[in-house]
Amino acid sequence: MVVSPVALDAAVTSTDLTNADVVALDRENVFHSWSAQKSLNPMAIAGGSGSTVWDHDGNTYLDFSSQLVNTNIGHQHPKVIAAIARQATSLATVAPAAANHVRATAAAKILSHAPANMEKVFFTNGGADANENAIRMARLHTGRDKVLSRYRSYHGNTGAAIAATGDWRRIPNEYSRGHVHVFGPYLYRSEFWAETPEQETERALHHLRRVIQAEGPQSIAAILLETVPGTAGILVPTPGYLEGVRALCDEYGIVMILDEVMAGFGRTGDWFAFDAFNVTPDLITFAKGVNSGYVPVGGVIISGDIAATFDERVFPGGLTYSGHPIAAASIVASIEAFEAEDIIGNAARIGRDHLEPGLTALAAKHNVIGEIRGRGVFWALELVQDRATRLPVTPEYMGRLKAELLRLGLLPFLADNRIHVVPPAVVTPDEVKQALHIYDQALTTVKI
């Protein structure tokens, strides 16, 4: 189908659009990610504000997906929108080699909330290329090749990032070299026959040590971990695990990269998820929550030791839009809003005082909930057919559950046999109460 410019202009500017109009135009022209194209039926979203979105037919939804767990500051935050508009009118773009005040300010703002050993920020276009460049830095810094990461993980869809990923999306995309996977702690479905968090930590660390030794420590450049694996199930690390990984990295001279793309900037109720643990990484990757995806951006926060590697040596990497000024302006405004409005504190309080007790009450009522876990505004309900066997619910059940949640006015994030409860960090107690009621209704209505 060829759509004329006049028809396109009408489609873009019309206030009389329906969901059907938008979906039809989308299906004719857009190739969607991670999808079989003919089976798609995408949701049309026309606008949003805070924790709410709406479609073209007048339906309103609580956004408890935060889209892709990235709108931490909520939809259309006025300070961020204003900063984007101001920057667009003063300097819409500039090459990354130039010195630019808003870019430098964005880096300084990020570093002000990072550990003291962090000295520089390398900007990218998103989280995948942040992980890509962190891997490159680690390899060049150490002179080694291999990267260890977990099976239950997602690190992005570029060459090394997707090879570092542990889930099924890695398998048809394994073109990068030198990637090795291990199992991390997940007590509910322990790979180590553990019965306590302490056993899970000890055995997971023993497994990691043995893999390091078997692969050859002198060949391993980095261990790349999501601080809290997100898409893989919001797997809050068991006590002592991250600290143990840090100790292994120190023992064998391995770079520790923590992927904070999803978990960072308020999602767990901290600036960075690792703030809740006694650990300092060598490289930190970020994206998503740093500006809630208002403009594509990501980056690597670099320790002084690794940054110094490239004082006299060229770093062989770069991106045309690295540190794009409009993206940088959105970062500055986002961080200033986080600070002024105590958005990080709100996420922590919502998790502690509302989501945790509310989800615990849901689990007491619904046997389909096998486990709840999370921090801040980053929670998962693991759904099972039987609590004794922990057999996951079926994809067919999850499909019916999603349809019911949407019907009741909640936009959910579902992955495998889990509901991920991931509202914006600006969510209010009343909105949480409303969402919990909807989850309760849906779980009551949809039978296994």
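Here's a quick tour of this structure, from model confidence to sheets, helices and cores. What you're looking at is a predicted model, and its pLDDT averages 95 across the protein. A seven-strand open sheet, a four-strand open sheet and a nonpolar core of 90 residues are good places to start looking.

**Confidence**

- As for the spread of scores, 97% of the residues reach a pLDDT of at least 70.
- Residues 1–14 are a stretch to treat with care: pLDDT stays under 50 there, and the model has seven contacts for them beyond four places in sequence.
- Where pLDDT is low, the predicted coordinates shouldn't be read in detail.

**The seven-strand sheet**

- Reading across this open sheet, the strands come in the order S4-S10-S9-S8-S7-S5-S6, and their pairing is mixed.
- S4 (118–124) and S6 (179–182) sit at the edges with a single partner strand each, so one side of each has no neighbour in the sheet.
- On average, neighbouring strands here are turned by 20° against each other, ignoring direction.
- S8 (residues 255–259) and S9 (residues 283–286) run parallel and are joined by three bridges.
- If you want one pair to look up, Ile257 has Leu283 in S9 as its bridge partner.

**Helices packed on that sheet**

- Helix H5 (residues 101–111) touches S4, S9 and S10 (298–303), and its direction makes about 125° with that of S4.
- Helix H6 (residues 127–142) also packs on the sheet, touching S4, S5 (146–150), S6, S7 (220–226), S8, S9 and S10.
- The direction of H6 makes about 165° with that of S9.

**The four-strand sheet**

- Another open sheet runs S1-S2-S3-S14, again with mixed pairing.
- Its edge strands, S1 (47–49) and S14 (410–411), each pair on one side only.
- S1 pairs with S2 (residues 52–54) in the antiparallel sense, over three bridges.
- Within these strands, Gly47 stands opposite Trp54 in S2.

**Nonpolar cores**

- The largest core has 90 residues, and Ile110 and Leu383 have the most contacts inside it.
- Helix H11 (residues 325–340) gives the most to this core, with ten residues.
- Which residues does Ile110 contact, leaving aside neighbours within four places in sequence? They are Val121, Phe123, Phe265, Phe286, Val290, Ile301, Ile331 and Ile335.
- Apart from the largest core lies another one, of 20 residues, including Met137, Ala222, Ile257 and Val300.

Conventions
Residues numbered from 1 in each chain as written. Predicted model: local features only at pLDDT ≥ 70, side-chain atom pairs only at ≥ 80, totals over all residues. Heavy atoms only, no water. Core = buried A, V, L, I, M, F, W, Y, C linked by side-chain atoms within 4.5 Å. Buried < 20%, exposed > 50% of the residue type's maximum accessible area, 1.4 Å probe, protein only. Helix = DSSP H or I, 4+ residues; strand = E, 2+ residues; numbered from the N terminus. Contact = heavy atoms within 4.5 Å. Pairing = 2+ DSSP bridges. Axes fitted to C-alpha atoms, helices over the stretch in contact; angles between N-to-C directions. pLDDT = per-residue confidence, 0-100.
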